[in-house]
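Subject: A structure for you to explore

Hello,

Here is the structure I promised to pass on to you. Please open it beside this email and click on each residue as you read.

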Amino acid sequence: MGRDGGYEDGYRSCDCFWGREPGSLLQILPRFRPSLAGLRVLDAGCGEGKNAIAMARAGAVVEAVDCSEAAIRNALAAWPDADRVCWRVEDVMAVDLGHETFDLVILYGLLHCLSESEIRTLVHRCKLATASNGLHVVVAFNSRSQNLEAHPGFDPTLLNHMDYLHLYSDWRIICENDSDLSETHPHNGIPHTHSLTRLIVERQ
Ligand SMILES: C[S@@+](CC[C@H](N)C(=O)[O-])C[C@H]1O[C@@H](n2cnc3c(N)ncnc32)[C@H](O)[C@@H]1O
């Protein structure tokens, strides 16, 4: 399985692996960006699109990219009328992100699926692809404490929380924390806990 985390099995075994509500950082985003209308958003590793759809409903225009066909199939089935979302089945490492193309980049659960050098390369490319005063929203497993029982064979890359902060040392940190997430996935029912880095950062 390597780095896919068993998500592919999850996407194939049910039509809603991650739920329909946006992640916690996107729920608090309006504190920092009261209007998302017209913003250009990249949701990299979008899964079944719970974050992409929330941004689109708030008026943003979203490129939602995932390497899993099954994930995008579930997204299309859940939200057939999402006309402000462009769903793409692609390896984000191979996507041309352009220069200052986006106002908001969402990296929600993606980075720990990549190698360390890919993480550094992708964050750098996403920073170049972000317009002035644009935001990144980042959530990733970190090295503090991982229970991977529910993800047999998964070998995530575990940077420490400070490494993630250093990746954004030249941006303004709007909010950051290193805290636990306890969850149970629908395909295997195993309760488990991950330590997560959560960041909202702004290009100066
Ligand atoms: C933990 S899931 C998070 C899904 C979604 N962002 C959410 O919060 O519901 C990570 C996602 O990253 C995708 N992924 C992993 N490596 C990828 C890559 N190189 N390019 C695109 N997507 C990738 C996986 O298929 C999976 O859907």
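Which side chain makes a polar contact of 3.4 Å with the side chain of E183? The partner is H194, through its own side chain. Before I go on, please keep in mind that this is a predicted model.

**H194 and its surroundings**

You will find H194 in strand β7. Its relative accessible area is 0%, so H194 is buried; the cut-off for that word is under 20%. Besides the contact with E183, the side chain of H194 has a polar contact of 2.8 Å with the side chain of Q146. Leaving out residues up to four places away in sequence, H194 touches F141, S145, Q146, N147, L148, H151, S179, D180, L181 and E183.

One of these neighbours, F141, belongs to strand β5. F141 has a relative accessibility of 5% and therefore counts as buried too. If you want to practise with the distance tool, try F141 and C14: they are 127 residues apart along the chain, and their C-alpha atoms are separated by 23 Å.

**The largest pocket**

Next, please turn to the largest pocket, which has a volume of about 850 Å³. Its lining is made up of 42 residues, and those nearest its centre are W18, G45, Y108, G109 and L110. Several elements give two or more residues to this lining: the helices α1 (7–13), α2 (24–28) and α3 (50–57), and the strands β2 (61–66), β5 (130–146), β6 (172–184) and β7 (191–202). Sorted by kind, the lining has 17 nonpolar, 12 polar and 13 charged residues.

**The ligand**

There are 19 residues around the ligand, and Y11, G45, K50, D66 and Y108 come nearest. Two of these names, G45 and Y108, may look familiar from the centre of the largest pocket.

Three distances to the ligand are good ones to check for yourself:

- Y11: a polar side-chain atom is 2.5 Å from an oxygen atom of the ligand.
- V92: a backbone N or O atom is 2.9 Å from a nitrogen atom of the ligand.
- C67: a polar backbone atom is 3.2 Å from a nitrogen atom of the ligand.

**Two helices, α3 and α4**

Why is α3 described as largely enclosed by the rest of the structure? The reason is that seven of its eight residues are buried. They are K50, N51, A52, I53, A54, M55 and A56. The cover over these buried residues includes α2, β1 (40–44), β2, β3 (85–89) and β4 (102–108). After α3 comes G59, with a positive phi near 105°.

Helix α4 spans residues 69–78, and its buried residues include A70, A71, I72, N74 and A75. Here is a general point that helps when you look at any helix: an α-helix has 3.6 residues a turn, so residues three or four places apart point the same way. Among the elements covering the buried residues of α4 are α1, β2 and β3. At the N-terminal end of α4, S68 acts as a cap, with a side-chain oxygen 3.3 Å from the backbone nitrogen of A70.

**The loop between β3 and β4, and a residue in β5**

What about V95 in the loop between β3 and β4: is V95 buried or exposed? V95 counts as buried because its relative accessibility is 4%. Apart from neighbours within four places in sequence, V95 is in contact with V65, R88, E90 and R125. As another distance to try, the C-alpha atoms of V95 and E118 are 13 Å apart, with these positions 23 residues apart along the chain.

E100 lies in the loop between β3 and β4 as well. With a relative accessible area of 30%, E100 is partly exposed. Its phi is near 55°, which is a positive value in a residue other than glycine.

N133, in strand β5, also has a positive phi, about 65°, although it is not a glycine. N133 is partly exposed, and its relative accessible area is 43%.

I suggest beginning with H194 and its polar contacts to Q146 and E183, then moving on to the ligand. Enjoy looking around!

Best wishes

Key: Residues are numbered from 1 along each chain as its sequence is written. This is a predicted model: local features need pLDDT of at least 70, side-chain atom pairs count only at pLDDT 80 or more; totals for chains, interfaces and linings use all residues. Side-chain values use heavy atoms; hydrogens and water are left out. On a 1 Å grid over the protein atoms alone, a cavity is a set of points where a 1.4 Å probe fits but cannot get out, and a pocket is an open set with protein on both sides within 12 Å along at least five of seven lines; lining residues have an atom within 4 Å of a point. Grid points are joined across faces, edges and corners, and a volume is the space filled by probe spheres set on the points. Helices (H or I, at least four residues) and strands (E, at least two) are DSSP runs, numbered from the N terminus. Ala, Val, Leu, Ile, Met, Phe, Trp, Tyr, Cys and Pro count as nonpolar, Asp, Glu, Lys and Arg as charged, and the others, Gly among them, as polar. Buried means under 20% relative accessible area, exposed over 50%, partly exposed in between (1.4 Å probe, protein chains only). Contact means heavy atoms within 4.5 Å. A residue is near a molecule or strand if one of its heavy atoms lies within 4 Å of it. A polar contact is a pair of N or O atoms within 3.5 Å; within protein, one must be able to donate a hydrogen and the other to accept it, and residues adjacent in sequence count only if both atoms are side-chain atoms.
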